[in-house]
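Work through the following exercises with the sequence and the 3D structure at hand. Each task is followed by a solution in steps.

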Amino acid sequence: MPVTSRVPLRALARIIVALVVTTPISSTAVQAQRSSTTRRFHADSFYIREWVRGGTKDPDLLVEPRGIAITNQVVVVLDAGTREVHAFDVTSGAKRFVLKATGQGPGEFKQPIQVAATARHVGVLDAATSRLTVYSDSGRFLWTTIVPDGPAVEAMCLLPRGRIRVKYLGALRALALIDSSGKTLTRTSLPVATARQTAPSFANAAYIADACVGDTVAVAPYFGSSWYSVSSNGTAKRFPYIEAGAEAVVVTTQRRLERTAKHITTQTTMISEVSPITRGAMQRGDTVIIEAGATKLHPHQLLDYYRASDGAYLYSRRLPFAPSALAMTPDGRLVAALIGTETSLVVALSTTPLSPREIAKQQRRK
């Protein structure tokens, strides 16, 4: 899925349009990854329960859910297909409110690209205005913060006192801490090898763990062999993934779509045949939870748990499908999005002490 840009002729040389394209798991990609370490699977597993949004209950509710953030009260879902932000009760899944793309005024947005949350607040990042709009968990508009280079933000986390931590495209000056006025307090580079710093943006893509309320944040690169714990002053500690992946080899292509007297519309595509080793990250206290991508021994979706303080691997859990977005509720349940060909779902997942074989014999709760 390509990205197009329409820019003035005089600015064309100064603008780089980057696209992150995920590729399906292939035998070539899996074989390219390094030998893995045996995982320790937790005694429980996951099964779907509690509530389901979409499907037969709400067939037209969601089109393309790409982001999930959770407060103490609501589950917030960014629908990239409709440019809407939906909020559901965190316990029952009942619909609470919908934020629609309406404009550029106070409390409005046009092109939402990221959602994030604290215990009581919901943040929506708008690529069209390069600003973050913050709402209460009841949908009431609270304040707006300018986010420099907003369209280049690929990951975001909300902090106390209105501060924001973001991951920009690429590796150089990619990690930033922004205050509530929009001022950039710190901006440091992703701690990758020097040879990788100038690699294409896609090769240096990474997730920031949500719930990053402390002085450090977990950064999980899409590719490679390590994740990082990065402090507010930029100091980084490097920890190995339980199963290392390969560095991305990115092929970039560009073609002109349209040319007028004032503008040139171009399309830039970045693609790699190496499957991402990680698909997301969360943090709860001293535990970092990384959603694994393609793995050599387990070609399905997993959650790998690490200790944040020293990076020690703890254990893993299996996921029943590959979600397009994943987040954790305050009581430890997971909420996942699934994009389908005819309809899309947001489902609640719960842990159970039963084995996967015992779970398979049970009737799925509606």
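**Exercise 1. A salt bridge across the chain**

Task: Determine which residue shares a salt bridge with Arg 284, and where the two partners are located.

Solution. Step 1: in this predicted model, the side chain of Arg 284 meets that of Asp 210 in a salt bridge, with an N to O distance of 3.2 Å. Step 2: the two residues are 74 residues apart and belong to distant parts of the chain. Arg 284 is in strand S21 (residues 278-284), whereas Asp 210 is in the loop between strand S15 (206-208) and strand S16 (216-221). Step 3: classify the partners by accessibility, where values under 20% mean buried and values over 50% mean exposed. Arg 284 has a relative accessible area of 27% and is therefore partly exposed. Asp 210 has 25%, so Asp 210 is partly exposed.

**Exercise 2. Further salt bridges**

Task: State how many salt bridges the model has, and describe those of Arg 66, Arg 307 and Arg 39.

Solution. Step 1: the count is 11 salt bridges. As background, side chains of opposite charge can pair when their charged atoms come close. Step 2: Arg 66 pairs with Glu 64, at 3.0 Å from N to O. Arg 66 is partly exposed because its relative accessibility is 47%. Glu 64, at 22%, is therefore partly exposed. Step 3: Arg 307 forms a salt bridge with Asp 310, and their closest N and O atoms are 2.9 Å apart. The relative accessibility of Arg 307 is 32%, so Arg 307 is partly exposed; Asp 310 is partly exposed because its value is 40%. Step 4: Arg 39 belongs to a network of salt bridges that also links Glu 243 and Asp 304.

**Exercise 3. Strand S23 and its partners**

Task: Identify the strands that pair with S23, and give the sense of each pairing.

Solution. Step 1: strand S22 (residues 287-292) is joined to S23 by six bridges, and the two run antiparallel. Within this pairing, Glu 291 has Leu 303 of S23 as its bridge partner. Step 2: S23 also pairs with strand S24 (residues 313-318) in the antiparallel sense, over five bridges. Here Tyr 305 is matched with Tyr 315 in S24. Step 3: the hairpin of S23 and S24 has five residues between the strands, and Gly 311 in this hairpin takes a positive phi near 75 degrees. Step 4: for cover, S23 spans residues 302-307 and is mostly covered, with five of its six residues buried.

**Exercise 4. A four-stranded sheet**

Task: Give the strand order of the open sheet that contains S11, and name its edge strands.

Solution. Step 1: the order of this open sheet of four strands is S11-S12-S13-S14, with antiparallel pairing. Step 2: strand S11 (153-158) and strand S14 (184-188) are the edge strands, each pairing on one side only. Step 3: neighbouring strands in this sheet are turned against each other by 15 degrees on average, direction ignored. Step 4: S14 is joined by four bridges to strand S13 (residues 175-178), and these two run antiparallel. Ala 176 stands opposite Arg 187 in S14.

**Exercise 5. Two single residues**

Task: Are Ser 231 and Glu 342 buried or exposed?

Solution. Step 1: Ser 231 lies in strand S17 (residues 226-231). Its relative accessible area is 18%, so Ser 231 is buried. Leaving aside residues up to four places away in sequence, Ser 231 touches Asp 215 and Thr 216. Step 2: Glu 342 is in the loop between strand S26 (334-338) and strand S27 (345-352). Glu 342 counts as exposed because its relative accessibility is 78%. Step 3: Glu 342 and Gly 55 are 287 residues apart along the chain, and their C-alpha atoms are separated by 8.8 Å.

**Exercise 6. The chain as a whole**

Task: How many helices and strands does the protein chain have, and what percentage of its residues count as buried?

Solution. Step 1: the protein chain has three helices and 27 strands. Step 2: it has 366 residues, of which 51% count as buried. Step 3: among contacts in the protein chain with a separation of 6 or more, 49% are between residues 24 or more positions apart. Step 4: the accessible surface of the protein chain is about 17300 Å², and 50% of this belongs to carbon and sulfur atoms.

Notes. Residues are numbered from 1 along each chain as its sequence is written. This is a predicted model: local features need pLDDT of at least 70, side-chain atom pairs count only at pLDDT 80 or more; totals for chains, interfaces and linings use all residues. Side-chain values use heavy atoms; hydrogens and water are left out. Buried means under 20% relative accessible area, exposed over 50%, partly exposed in between (1.4 Å probe, protein chains only). Two strands pair if DSSP finds at least two bridges between them. A salt bridge is a side-chain nitrogen of Lys or Arg within 4 Å of a carboxyl oxygen of Asp or Glu. Axes are lines fitted to C-alpha atoms, for helices over the stretch in contact, and angles run from 0 to 180 degrees between N-to-C directions. Contact means heavy atoms within 4.5 Å. Accessible areas come from the Shrake-Rupley method with a 1.4 Å probe; for residues, only the protein chains shown count as cover.
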